[in-house]
Amino acid sequence: MITTLSAIVLLGALQAPATPIVSSSQAEVDVRKAVQAFYDAYNAHAFDKLAEFTTEDWTHITPSGIERRGRAEVLTALKQVHSTFLKGVTDTPEEIAVRFATADVGIVTVRSRTTTFTTPDGVTHENEGRIRTFVVVKRATRWLIMQDQNTVRGAR
Amino acid sequence: MFEFACHEGNYAMANILRGARAEEQRAKNASAQVSVRPSEVDPAAARIASPILARLDRAWTDGDGGRFAAEFTDDADVINVSGEHLRTRSGIATQLQAMFGGVFRRSIHRSRALEMARYLAPGVIIVVSSSVIDVPAGPPAPLATSRQTFIVLEREGVWQIRHWHNTPIRAR
């Protein structure tokens, strides 16, 4: 029995990827903090605070597939839409999963739900489910969001 | 093959041949070179990303879920245009094969532009690209054009996609 178990464990070890997924609990805590801070600032509509935990070259891809490059451009766009049709809208995380590509690159998947809003085309989006990927990188000693992309769940 | 007395057969033959030419053209379009936006693209990263995109296009167009999923790591995650989260290479293969037999039957996938490709760390690149799916059966038109971010890792000298996130491009 022990031999069989050992063989299974050994086989599993042999099949492990050459570059192991790094899972440092402190790194995970720090990455989660950056993502949670993003949502806190977003929901408080304190967009200037986003500069504290995003890189200068942050790229943001909206649920409409529009790409914004660079923190300055992203913040300008966020302020614009949140002063019009997204005014007062919040996005609440339901599940946050953190994985690491390397010791310095985290990939975070967040399932969330927004409050209801109506887009300029007249369509009402009632408590829309979202799924967003954040790429979070370690720069010096800090973990910063350098890319995020958002997709509507159940879009047809 | 050609029967002068068979009216239906003669007309059908023309349509069969026309269909075959259309298939060839669609396959040719699918393997067309991906365009590159130079300012955002590190050539070294592009040399890794472009062949992967070309292989994904060919696998999709051939309706081969296993070959498509072979470009992903064992533990890969895919967020598709419907916001579904597919997990692991075998999960991706199974889901795609089901789609190739259903809504995306005989569809063509074309990567249109490499919009960003850069190293995040040694052995890790991030890529943003856009693509279009031509679905002969008609729908789902709103999901046909999309933008994707993906993370590619080098493991034992092989570059594979660890994470793929796709979003339909639509006017709002």
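**A buried glutamine and the salt bridges around the interface of chains A and B**

In this predicted model, a polar atom of the side chain of A:Gln149 lies 3.3 Å from the backbone oxygen of B:His165. The side chain of A:Gln149 also reaches a second backbone oxygen of chain B, that of B:Arg147, at 2.9 Å. A:Gln149 is placed in strand 8 of chain A, which spans residues 142-152, and its relative accessible area of 1% falls under the 20% limit, so the residue counts as buried. Leaving aside residues up to four places away in sequence, A:Gln149 touches residues of both chains, among them A:Ile61, A:Ile131, A:Arg132 and A:Thr133 from chain A, and B:Gln148, B:Thr149, B:Asn166 and B:Thr167 from chain B.

One of these neighbours, A:Arg132, takes part in salt bridges within chain A. The side chains of A:Asp148 and A:Arg132 meet at 2.6 Å, N to O, and this pair links strand 8 with strand 7 of chain A across 16 residues of sequence. Both A:Asp148 and A:Arg132 are buried. A:Arg132 forms a further salt bridge with A:Asp91, the closest N and O atoms being 3.5 Å apart; here strand 7 (residues 129-139) is joined to strand 3 (residues 91-102), the two residues being 41 positions apart. With a relative accessible area of 1%, A:Arg132 is under the 20% limit and is therefore classed as buried, and A:Asp91, at 1% relative accessibility, is likewise counted as buried.

The chain that holds these pairs comprises 156 residues, of which 46% count as buried. Its secondary structure comes to 3 helices and 8 strands, arranged along the sequence as α-α-β-β-α-β-β-β-β-β-β. Among the contacts in chain A with a separation of 6 or more, 50% are accounted for by residues 24 or more positions apart. About 7600 Å² of chain A is exposed, and carbon and sulfur atoms supply 57% of that area.

Between them, chain B and chain A bury about 3100 Å², 54% of it on carbon and sulfur atoms, in a contact that takes 38 residues from chain B and 42 residues from chain A. The polar component of this interface includes 18 residue pairs in polar contact, both residues being at pLDDT 80 or more. On the side of chain B that touches chain A, two or more residues come from each of strands 2, 4, 5, 6 and 7 of chain B, and strand 6 gives the most, with 7 residues. The residues on this side of chain B divide into 14 nonpolar, 10 polar and 14 charged.

Over all chains, 21 salt bridges are found, and 4 of these cross the interface of chain B and chain A. One salt bridge pairs B:Arg118 with A:Asp57, with the closest N and O atoms 2.6 Å apart. Another brings together the side chains of B:Glu40 and A:Arg69 at 3.0 Å, N to O; B:Glu40 lies in the loop between strand 1 and helix 2 of chain B, whereas A:Arg69 belongs to strand 2 of chain A, so this pair joins two chains. The partners differ in accessibility, since B:Glu40 is partly exposed at 30% whereas A:Arg69 is buried at 15%. Both residues belong to a network of salt bridges that also links A:Glu67, B:Glu115 and B:Arg147. B:Arg147, a member of this network, is also the residue whose backbone oxygen is reached by the side chain of A:Gln149.

Conventions:
Residues numbered from 1 in each chain as written. Chains lettered and ligands numbered in written order. Predicted model: local features only at pLDDT ≥ 70, side-chain atom pairs only at ≥ 80, totals over all residues. Heavy atoms only, no water. Helix = DSSP H or I, 4+ residues; strand = E, 2+ residues; numbered from the N terminus. Buried < 20%, exposed > 50% of the residue type's maximum accessible area, 1.4 Å probe, protein only. Contact = heavy atoms within 4.5 Å. Areas by Shrake-Rupley, 256 points an atom, 1.4 Å probe, with all protein chains shown as cover. Buried area = accessible area lost by both parts, 1.4 Å probe. Polar contact = N/O pair within 3.5 Å; in protein donor to acceptor, adjacent residues only side chain to side chain. Nonpolar A, V, L, I, M, F, W, Y, C, P; charged D, E, K, R; others polar.
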